[in-house]
Amino acid sequence: MPATPSAPRSSRTRSWWGWGYTDAHPDDAECAALGALLPGTLARPLPVPRIADLSIGRPAMTPPPSLTHLVTTDPSARAAHAMGKAYRDVIRALRARPGRIPDLVAHPTGDREVADLLDWAGEHDVAVIPFGGGSSVVGGVEYRGDAHRAVLSLDLTAMDRVLDIDTVSRSARIQAGALGPVLEEQLRPHGLTLRHFPQSFEFSTLGGWLATRAGGHYATVHTHIDDFVQSLRVITPAAAGTSWRLPASGAGPSPDRLFLGSEGALGVITEAWMRLQERPRHKASASIAFADFHRALDAVRAIAQSDLAPANCRLLDAGEALLSGASHDGSSVLVLGFESATGPVDDRLATAIDLARAHGGHADDRLATAIDLARTHGGHADEHPVDRDASAGSAVSAWRSAFLRMPYLRDGLARMGAVVETFETAATWDKIPALIEAVRTEVGAAALKITGHPATVNCRLTHVYPDGAAPYFTVAVAGRPGAEVEVWDDIKAVAGEVLHRHRATITHHHAVGRDHRAGYDLQRPEPFALALRAAKDALDPHRILNPGVLLD
Ligand SMILES: Cc1cc2nc3c(=O)[nH]c(=O)nc-3n(C[C@H](O)[C@H](O)[C@H](O)COP(=O)(O)OP(=O)(O)OC[C@H]3O[C@@H](n4cnc5c(N)ncnc54)[C@H](O)[C@@H]3O)c2cc1C
């Protein structure tokens with residue numbers, strides 16, 4: 001089927017230093033109000049950083065005439081491509097310490113141009129950092145060190161088209177630079193959706209999701225981007241190729257698996273055939289309160305080990321629930337959601353609520369909402385499932401609003417000199433209670449020791465599996481003025497040590513990048529490390545692709 005035209009881009013201004021759109025940033029008064037919640041933060045917010053205050057030198061190299069039309073040396077573009085969107089990045093921008101700024105930013109529009117840029121970079125010892133939405137939270141899109149003559153940020157977002165739709169096999173060929181809303185907008189007229197909704201959906205791309213093995217919003221079953229991949233097209237400095245479109249294949253190790261999670265270190269993903277789904281027509285959600293967090297964990301495990309497969313099954317501890325407005329009485333809250341394109345889901349929700357009640361949960365029946373989207377929305381699902389819902393006023397909706405607003409508030413707190421960051425992991429159920437307890441206790445104690453201020457360490461389960469869960473932690477504490485990066489690095493080192501001791505992964509979906517290298521090196525088995533190094537040698541012989549990510 002012919003492709004649909006590319007979706008129009010938003011006219012709103014993206015922040016070069018913080019999350020999202022500048023018009024959604026908290027103003028000074030809101031920052032101060034946020035700071036007042038955390039003892040020890042600054043009296044007034046740090047000023048919004050200006051590119052003019054950064055020291056941006058002349059580019060170390062310029063491209064040949066054949067490539068100049070693809071490349072910019074504009075300081076604003078270079079600054080906006082210097083870092084990702086972790087707390088570390090935001091505070092470095094606020095303190096005018098962004099690190100090495102790329103010399104060049106390229107915007108290729110097709111495979112040939114990507115290959116030409118890689119060829120030139122390989123010949124001239126120029127590091128190439130593939131860049132999608134730039135929402136990395138692990139130092140994945142910055143350059144550290146000075147081993148290369150110049151640094152080129154390879155921005156893929158001009159390659160944002162849905163090129164082909166196969167309605168028979170329900171799949172689409174999509175260019176890697178398409179941001180979430182841009183690709184969903186092109187699928188919408190066909191009644192189809194990729195249905196991959198990470199929290200960063202608005203500002204991250206298909207290529208970034210594939211390269212980091214992103215996790216979507218859905219709590220169970222198909223939520224990792226890996227699950228939707230039919231075939232990948234990858235351009236490496238050594239060769240280019242496309243895997244066959246197949247629903248499944250037992251032919252040896254999977255070629256796609258080599259590049260999923262390769263974080264720009266082995267090649268540039270330029271397009272993919274992705275499995276699609278029909279837009280859901282039926283939804284139901286509810287929130288359930290628990291006085292005892294450990295009983296809530298048991299309830300979630302029971303639901304995860306049933307065949308109910310909720311779309312949403314987020315357990316918020318008391319701190320998270322308070323922060324998001326889902327509860328004010330010290331309860332933990334389980335946010336449950338079901339959806340389907342084929343039939344009502346009310347029965348599944350009712351059974352899940354029964355399971356939760358059997359473990360001490362209290363469901364407020366008035367808050368359980370069932371939505372037949374075929375009736376209420378003319379058959380169309382909302383663009384982002386956490387964006388809108390008929391359950392306005394409920395704990396479910398409070399959590400949803402907070403979920404989308406949270407990154408903006410993080411940046412507001414950063415302007416008050418606070419250290420506010422998240423980290424996530426996964427472990428089998430037998431380890432989960434002790435792991436969560438150890439992180440809370442040991443990371444909280446470390447933050448107090450490092451800063452002299454009390455810290456909050458909150459936890460939610462973002463994804464649940466029959467055999468385990470993915471706890472996601474948020475740490476907030478007043479920083480030491482001017483040393484916020486070092487404070488966070490010290491806290492994060494303690495967190496990494498606790499995760500390793502409990503055999504919990506260094507990352508469930510945020511990827512490895514540069515920040516998780518130590519934990520990743522400890523986690524991967526030696527034969528795999530050898531194979532990865534050999535793949536790097538073969539595919540990137542001049543070592544130009546995202547140096548320092550995944551391996552040296
Ligand atoms: C507020 C916030 C919320 C987030 N929520 C989630 C979440 O819910 N789930 C989740 O999984 N992650 C989340 N993240 C992390 C981040 O959004 C993901 O890692 C995302 O997949 C990155 O996509 P991107 O397009 O922004 O990639 P970028 O940040 O631009 O790049 C990420 C990595 O992929 C490489 N890369 C990018 N494009 C390509 C390509 N075409 N070919 C090869 N390599 C490439 C880069 O070199 C880099 O190593 C969140 C981040 C923030 C700031």
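This report describes the overall build, the two domains and two of the sheets in a predicted model of a protein.

## Overall build

The predicted model contains 16 helices and 20 strands. Along its principal axes, the C-alpha atoms of the protein occupy a box of roughly 70 × 60 × 50 Å. A compact globule of 552 residues would have a radius of gyration near 24 Å, and because the protein has 23 Å, its value agrees with that expectation.

## The annotated region

In an unreviewed UniProt entry, residues 97–279 carry the feature "domain: FAD-binding PCMH-type". Over this stretch of residues 97–279, 18% of the chain is helix and 26% is strand, while the C-alpha atoms at its ends stand 44 Å apart.

## Two domains and their contact

The protein is divided into domain 1, made of residues 57–278 + 516–552, and domain 2, which covers residues 282–405. Between the C-alpha centres of domain 1 and domain 2 the distance is 33 Å, and the contact between the two draws 13 residues from domain 1 and 14 residues from domain 2.

On the side of domain 1 that touches domain 2, helix H5 (180–187) and strand S11 (277–278) each supply at least two residues. The residues on that side of domain 1 comprise 6 that are nonpolar, 5 that are polar and 2 that are charged.

## A mixed sheet of four strands

One open sheet is formed by 4 strands in the order S1-S2-S4-S3, and the pairing within this sheet is mixed. Its edges are strand S1 (71–72) and strand S3 (126–131), each of which pairs on one side only.

Strand S2, residues 104–106, and strand S4, residues 150–155, run in the parallel sense and are paired over 3 bridges; Ala106 has Leu154 in S4 as its bridge partner. Helix H4, residues 111–123, packs on this sheet and touches S2, S3 and S4, with its direction making about 150° with that of S3.

## An antiparallel sheet of five strands

Another open sheet has 5 strands, arranged in the order S5-S6-S10-S8-S9, and here the pairing is antiparallel. Strand S5 (162–166) and strand S9 (240–242) form the edges of this sheet, since each is listed as an edge strand that pairs on one side only. When direction is ignored, neighbouring strands of the sheet are turned by 15° against each other on average.

At the S5 end of the order, strand S5 is joined by 4 bridges to strand S6 (residues 171–175), and these two strands run antiparallel. For Asp164, the bridge partner in S6 is Arg173.

## Helix H4 and the two sheets

Helix H4, which packs on the sheet that holds S2, S3 and S4, also lies across strand S8 (229–235), strand S9 and strand S10 (268–275). The helix runs at about 45° to S8, and S8, S9 and S10 are among the strands of the antiparallel sheet.

Key
Residues numbered from 1 in each chain as written. Predicted model: local features only at pLDDT ≥ 70, side-chain atom pairs only at ≥ 80, totals over all residues. UniProt positions renumbered as here; feature names shortened; annotations may be inferred. Domains from an automatic or database assignment. Contact = placed C-beta atoms within 7 Å. Nonpolar A, V, L, I, M, F, W, Y, C, P; charged D, E, K, R; others polar. Pairing = 2+ DSSP bridges. Axes fitted to C-alpha atoms, helices over the stretch in contact; angles between N-to-C directions. Rg over C-alpha atoms; globule rule 2.2 N^0.38 Å.
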